[in-house]
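Reader: I'm new to this one, so could you pick a single part and walk me through it closely? I'd like to know what sits around it and how the pieces connect.

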Amino acid sequence: MFAGMKLAVAIAAIAGLSFTAVEIVSQDEARAQEGNPTITITNEGTYYTFSPAQLDAKVGQPITVVNNDRYGGVHSVTEKNRSFSVDVPPQSSKTLTVEKAGNYQYLCDWHTDAHEPKYGSLNVS
Ligand SMILES: [Cu+2]
């Protein structure tokens, strides 16, 4: 086998392996999100967003709050009447659980007017 051909085979093998690895990670993430309701905070233009804007969860079920703010800000998920609140440092996630059923509106305590929409909705049943 020529050296060039060996290199091509090696590159193809590495590319194949990394493709498989990426595939496994994304399936795990999909499975994690299925069983675990997740609120993701991101930047969209000049505003921050809570995604999804409306989320369903069960009483006592862990809700993951992911802070993907690429500018490195701390954000929170704070219920309008402060029945629950969690601060999430940049590029990390925290778990929130709500122990009482209800339809809650929450905002970010750090930037009350910089999230669009201002309130996210969390329906706990
Ligand atoms: Cu914020």
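Author: Here is a close look at one strand, one residue in it, and the neighbours that follow from there.

First, the ground rules. This is a predicted model, where local features need pLDDT of at least 70 and side-chain atom pairs count only at pLDDT 80 or more, while totals for chains, interfaces and linings use all residues. Residues are numbered from 1 along each chain as its sequence is written, and side-chain values use heavy atoms, leaving out hydrogens and water.

Let's start with strand E1, residues 38–44, which is where you'll find Asn43. (Strands are DSSP runs of E with at least two residues, numbered from the N terminus.) Six of the seven residues of E1 are buried, so the strand is largely enclosed by the rest of the structure. Buried here means under 20% relative accessible area, using a 1.4 Å probe and protein chains only.

E1 has strand partners, too. Two strands pair if DSSP finds at least two bridges between them. E1 and E4 (residues 63–67) run parallel and share four bridges; Thr40, for instance, has Val66 as its bridge partner in E4. With E2 (residues 47–51), E1 runs antiparallel and has five bridges, and there Thr42 is matched with Thr49. Two residues lie between the strands of the E1 and E2 hairpin, where Gly45 takes a positive phi near 65°.

Now zoom in on Asn43. Its relative accessibility is 7%, so it counts as buried. Leaving aside residues up to four places away in sequence, Asn43 touches Tyr48, Asn68, Asp69, Arg70 and Tyr71; touching means heavy atoms within 4.5 Å. The side chains of Asn43 and Asp69 are joined by a polar contact of 3.0 Å. (That's a pair of N or O atoms within 3.5 Å; within protein, one must be able to donate a hydrogen and the other to accept it, and residues adjacent in sequence count only if both atoms are side-chain atoms.) A polar atom of the Asn43 side chain also lies 2.8 Å from the backbone nitrogen of Arg70.

Finally, hop over to E2. The count of aromatic pairs comes to two, where rings of Phe, Tyr and Trp (its six-membered ring) pair if their centres lie within 6.5 Å, with planes under 30 degrees apart stacked, over 60 edge-to-face and the rest tilted. One of them is Phe50 with Tyr106, edge-to-face at 4.8 Å centre to centre and 75° between the planes. This pair links distant parts of the chain, with Phe50 in E2 and Tyr106 in E8 (residues 102–107), 56 residues apart. Both Phe50 and Tyr106 are buried.

Technical notes. Buried < 20%, exposed > 50% of the residue type's maximum accessible area, 1.4 Å probe, protein only.
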